[in-house]
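The exercises below are meant for someone meeting this structure for the first time. Please keep the sequence and the 3D view at hand, and try each task before reading its solution.

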Number of protein chains: 2
Amino acid sequence: MKKFMNAVNDILNESLRGFAAAHADIVSLHRNPVFVTRAGSPKQGKVALISGGGSGHEPLHAGFVGRGMLDAACPGQVFTSPTPDQMAATATAVDGGAGVLFIVKNYSGDMMNFEMGADMASVANATVVTNDDVAVENSTYTTGRRGVAGTVVVERIVGAVAEDGADLAACKARGERVNQATRSMGVALTSCTVPAAGRPTFDIGEKEMEMGVGIHGEPGRRRVALAPADEIARTMMEAITSDLAPKAGAPLLLLVNGFGGTPLMELYLMYDAARRFCAGRNLTVARSLVGNYTTSLDMAGCSITVSQFDDELIGLWDKPLHTAALRWGC
Amino acid sequence: MKKFMNAVNDILNESLRGFAAAHADIVSLHRNPVFVTRAGSPKQGKVALISGGGSGHEPLHAGFVGRGMLDAACPGQVFTSPTPDQMAATATAVDGGAGVLFIVKNYSGDMMNFEMGADMASVANATVVTNDDVAVENSTYTTGRRGVAGTVVVERIVGAVAEDGADLAACKARGERVNQATRSMGVALTSCTVPAAGRPTFDIGEKEMEMGVGIHGEPGRRRVALAPADEIARTMMEAITSDLAPKAGAPLLLLVNGFGGTPLMELYLMYDAARRFCAGRNLTVARSLVGNYTTSLDMAGCSITVSQFDDELIGLWDKPLHTAALRWGC
């Protein structure tokens, strides 16, 4: 295992400390239990958005704490759910009197712990579950579909409406609608290596790829021969668009997300391939995002996410956003 | 070789096409010869900044085209200098009557071609050469020190003064002063793989790292045993700060740059280690940047850059910046 680290048990603390120091203008790091809040929170009268999950997917979620997106993030150990007491303490810390909305990726551990956290929280709360991954129904750690990079879209759109003053019920409803309008699929060229394990999560041949991989290295649809980028993009886009069935002419968000070990040059090449797929099907790409947003440690690979937008969602997407990982309009 | 690609010869074109489509609000892509300009350029009366070099270091340089930074970027093939005709055509395209400043990383091929390009350019021009890498004097492709991630700092600061109306001589002088106040050093855990070669540029053992590596995989100071992050950061920071010899109390920029295959979690951990080194030496970190800015294809590794700032440079650093890879204040 080749990683920049000191002791395995210190990776999360040291990385979070570095993150918080580098972005002290945007976030505050809390200890015992560990969570990250927006600097200056709570904001009175605003619904507070909290997300979280296992670490190893950076910048998800702490990188999305800030104006126009999350109020707080609860990081668990690598690929391990945060604990209910983390979530309850976070809720207390960021509630501004309008309640908190938990945004949870659909993994059994997260679902169980966020449910307990919601019960323990002493403030009004609701939950949105993301499950955008079309690759498989049920998986190693999931009943139903997995929540993956589409979570970023949900966090951003709900973040925008919460900033505009929407109440808790409206934020929850909006999050569920965006999740329903979002589909993703991933592919791995290599495995990730969990630090505590010290070896790759799965074996994969020099000429193979895992089509439909999960963001913890869970098996996908099938192990297939490495293919040209156009063919990979077509397989993913066909799975996504046949499931999403976007309305003719609807403006789409196209997100190409790196898994951590794939350089930007290849991500833009995959974006180009996905975009040409859209052009060939008369699908309109109205907004784009290319980069590492929901990673899987050091895995080489990427996912594609498509969200069906409308004029209102485009307006919300474009609103001022100021987080460590995404910024525009302010 | 596992990469998202179609044909080796199409990688650059397809990646650039994806980049330009994803950021059509910021950049325009030109063909025959290939270069990337700010959308809406030239800007009359403003000195135009042009950088470029071999591809494979994304987002450098095209990702830094935009308000507050570059006016244009000339991408060469992977790890290969762009050609003089590219540079001359770019200069003509972006000159707004105040001349163009070429910002060139110190590699023999780039130096030769940019010199020819400057001669061929039909507009007033000057050149700033970056050579911030303290690892070695002379190298595989370089006489003197290599220009690496410190180039980003030069491009940003000169971009800010050019935006403010500085003339060509002032932009050149400012670029040279920032370069002189900037030092970097890198370390590789793995090699990169150049697509046309199809195999890793160098062999490295499972428990080895290359200390002082160049951004094309050039040898560094020595091949050493993999060490804890704190020790790696200390070695790099000692080399950087002993060479830079910052004034007591001077505000520093601390940049931890990923080489393409290293996840953000590890980069923030390295930033934390470098920051603790600074705290132990009474060095003041005033501004920070952590991410993939000057990469080496899929290499796992990172570099650290330190620039000695002052109040004026901090003010310039903070000015509105709107590029694909870096945005703040607008």
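Helices and strands are here DSSP runs, of at least four residues for a helix (H or I) and at least two for a strand (E), and they are numbered from the N terminus. The model is a predicted one.

**Exercise 1. A residue with a positive phi**

Task: Find where A245(A) lies in chain A, and decide whether A245(A) is buried or exposed.

Solution. Start with the place: in chain A, the loop between α6 (229-244) and β11 (251-258) holds A245(A). Next, take the backbone, where A245(A) shows a positive phi of about 50° although it is not a glycine. As a general background, most residues other than glycine have a negative phi. Finally, compare the accessibility with the cut-off: exposed means over 50% relative accessible area, and A245(A), with 52%, is therefore exposed.

**Exercise 2. A residue at the same number in two chains**

Task: Describe the phi of N282(A) and of N282(B), and say where each residue is placed.

Solution. In chain A, N282(A) sits in the loop between α7 and β12 (284-291), and its phi is near 60°, a positive value in a residue other than glycine. With a relative accessibility of 68%, N282(A) counts as exposed. In chain B, N282(B) comes just after α7(B) and takes a positive phi of about 60°.

**Exercise 3. Two cis peptide bonds**

Task: Identify the cis peptide bonds at P59(A) and H61(A), and locate these two residues.

Solution. Begin with the bond from E58(A) to P59(A), which is cis with omega near 10°. Then turn to the bond that joins L60(A) and H61(A), which is also cis, with omega about -5°. For the location, P59(A) is in the loop between β3 (48-55) and β4 (66-67) of chain A, and H61(A) is likewise placed in the loop between β3 and β4 of that chain. In general, most peptide bonds are trans.

**Exercise 4. The two sides of a helix**

Task: Check the length of α5(A), and work out which of its residues are buried and which are exposed.

Solution. First, the length: at 1.5 Å a residue, the 13 residues of α5(A) (residues 168-180) should span 18 Å, and the end C-alpha atoms are 18 Å apart, so the two values agree. Second, the buried residues in this helix are L168(A), C171(A), R174(A), G175(A), V178(A) and N179(A). Because they cover an arc of only 135° around the axis, they lie on the same side of α5(A). Third, A169(A) and Q180(A), on the other side of α5(A), are exposed. The general pattern behind this is that an α-helix has 3.6 residues a turn, so residues three or four places apart point the same way. Last, what covers the buried residues of α5(A) includes β6 (100-105), β7 (125-130), α4 (150-163), β8 (182-188) and α8 (311-318) of chain A.

**Exercise 5. Two mostly covered helices**

Task: How many residues are buried in α4(A), and how many in α7(B)?

Solution. Take α4(A), where the 14 residues should span 20 Å at 1.5 Å a residue, which agrees with the 20 Å between its end C-alpha atoms. This helix is mostly covered, since 13 of its 14 residues are buried. Just after α4(A), G165(A) takes a positive phi of about 100°. Now take α7(B) (residues 264-280), whose 17 residues reach 24 Å from the first C-alpha to the last, close to the 24 Å expected. Here twelve of the 17 residues are buried, among them M265(B), Y268(B), D272(B) and F277(B).

**Exercise 6. The largest cavity**

Task: Describe the largest cavity by its volume and by the residues that line it.

Solution. The structure holds three cavities of 30 Å³ or more, and the largest encloses about 180 Å³ of space. It is lined by 20 residues, of which L16(B), E58(B), L60(B), A62(B) and P75(B) are the closest to its centre. Both chains take part, for α7 (264-280) of chain A and α1 (11-22), β3 (48-55) and β5 (72-78) of chain B each supply at least two lining residues. Sorted by class, the lining has twelve nonpolar, seven polar and one charged residues.

Methods: Residues are numbered from 1 along each chain as its sequence is written. Chains are lettered from A and ligands numbered from 1 in the order in which they are written. This is a predicted model: local features need pLDDT of at least 70, side-chain atom pairs count only at pLDDT 80 or more; totals for chains, interfaces and linings use all residues. Side-chain values use heavy atoms; hydrogens and water are left out. The expected span of a helix is 1.5 Å times one less than its number of residues. Buried means under 20% relative accessible area, exposed over 50%, partly exposed in between (1.4 Å probe, protein chains only). The arc is that of the directions from the helix axis to the C-beta atoms. Contact means heavy atoms within 4.5 Å. On a 1 Å grid over the protein atoms alone, a cavity is a set of points where a 1.4 Å probe fits but cannot get out, and a pocket is an open set with protein on both sides within 12 Å along at least five of seven lines; lining residues have an atom within 4 Å of a point. Grid points are joined across faces, edges and corners, and a volume is the space filled by probe spheres set on the points. Ala, Val, Leu, Ile, Met, Phe, Trp, Tyr, Cys and Pro count as nonpolar, Asp, Glu, Lys and Arg as charged, and the others, Gly among them, as polar.
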